[in-house]
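Here's a quick briefing for anyone meeting this structure for the first time. Have a look at the model, then walk through the points below.

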Amino acid sequence: MSDVDSKETIGPPPNTLSRRDLIKGVIVGGVAVSSASYLFRASTLSGQSARGTGERLLTINVNGQLRRADVMRQETLAWTLRHKLGLTGTKLGCDRAECGSCTVLIDGVPYYACSVLTHAVRDRKVLTIEGLASPDGRLHPVQQGVIDEQGFQCAFCMPGFIMASVGFLKINPNPTRSELAHGVSGNLCRCQDYDKILTALMRGAENMRRASNV
Ligand code: FES
Ligand code: FES
């Protein structure tokens with residue numbers, strides 16, 4: 001084989017997704033990550049729905065839009081977001097208030113969406129990772145911080161960490177590293193990438209301060 005041939009074989013294909021592209025996809029909409037665990041849960045809960053559990057048509061304010069969905073009495077916000085409204089950026093990890101993957105903001109405060117009933121948010125404003133960027137596509141400063149620092153490994157936990165940080169930075173815009181670590185301590189990363197995550201979130205905090213001083 002000639003040198004030219006071997007270079008062609010070794011080089012990346014033209015449409016290869018870079019790590020930066022992958023991270024950006026997850027940051028904006030959580031589209032690049034899947035989990036067998038919630039595929040399993042999906043089939044279980046779909047079965048519940050099929051048996052009929054008193055669904056009721058609700059209107060909820062999500063990412064500044066009024067969205068309507070048929071919601072079961074016992075349905076969690078995480079379930080409605082993901083399976084009724086198609087907002088899959090909100091991840092389901094443990095589904096029992098342990099990991100923080102499902103964190104969203106409700107009236108500006110971080111909550112585990114797996115532990116909030118959708119019926120309870122009818123008069124409140126829900127913000128998910130999909131609603132964080134500006135309408136013109138400009139990333140939120142914390143999202144940009146993750147891009148800047150190339151934080152996270154598989155990025156499954158990323159939307160939850162970002163939403164938790166955004167909520168925390170509203171009350172403490174200039175945290176020390178240890179304060180920010182405490183602020184997002186309700187979020188777990190299975191890849192154990194905490195040091196890099198914190199660096200990215202600290203950069204996000206810096207970006208936020210810079211943006212507010214403009
Ligand atoms: S999925 Fe909600 S806390 Fe883990
Ligand atoms: S980066 Fe993989 S779970 Fe956090």
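Five strands make up an open sheet in this predicted model: their order is β2-β1-β5-β3-β4, and the pairing is mixed. Strands here are DSSP runs of E with at least two residues, while helices are runs of H or I with at least four, both numbered from the N terminus. Two strands pair if DSSP finds at least two bridges between them.

**The sheet**
- β2 (65-71) and β4 (109-112) sit at the edges with a single partner strand each, so one side of each has no neighbour in the sheet.
- On average, neighbouring strands are turned by 45° against each other, ignoring direction.
- Inside the sheet, β3 (residues 103-106) pairs with β5 (residues 125-127) in the antiparallel sense, over two bridges.
- Within β3 and β5, I106 stands opposite V126.

**Helices across the sheet**
- Helix α4 (residues 77-84) lies across β1 (56-62), β2, β3 and β5, and runs at about 100° to β2.
- Helix α6 lies across β3, β4 and β5, at about 35° to β3.
- For these angles, axes are lines fitted to C-alpha atoms (for helices, over the stretch in contact), and the values run from 0 to 180 degrees between N-to-C directions.

**Aromatic rings**
- The structure holds two aromatic pairs; rings of Phe, Tyr and Trp (its six-membered ring) pair if their centres lie within 6.5 Å, and planes under 30 degrees apart count as stacked, over 60 as edge-to-face and the rest as tilted.
- One of the pairs is F161 with Y194, edge-to-face at 6.5 Å centre to centre and 65° between the planes.
- That pair links distant parts of the chain, with F161 in α6 (residues 158-171) and Y194 in α8 (residues 194-213), 33 residues apart.
- F161 counts as buried because its relative accessibility is 2%, whereas Y194, at 31%, is partly exposed.
- Buried means under 20% relative accessible area, exposed over 50%, and partly exposed in between (1.4 Å probe, protein chains only).
- F152 joins F161 and Y194 in one aromatic cluster.

**How far to trust it**
- The chain's mean pLDDT (the predictor's confidence in each residue, from 0 to 100) is 84, and 75% of its residues reach 70 or more.
- Residues 1-16 have pLDDT below 50, with two contacts (heavy atoms within 4.5 Å) beyond near neighbours in sequence.
- Residues 30-51 are also below 50, but that stretch has 33 such contacts.
- Where pLDDT is low, the predicted coordinates shouldn't be read in detail.

**Ground rules**
- Residues are numbered from 1 along each chain as its sequence is written, with chains lettered from A and ligands numbered from 1 in the order in which they are written.
- In this predicted model, local features need pLDDT of at least 70 and side-chain atom pairs count only at pLDDT 80 or more, while totals for chains, interfaces and linings use all residues; side-chain values use heavy atoms, leaving out hydrogens and water.
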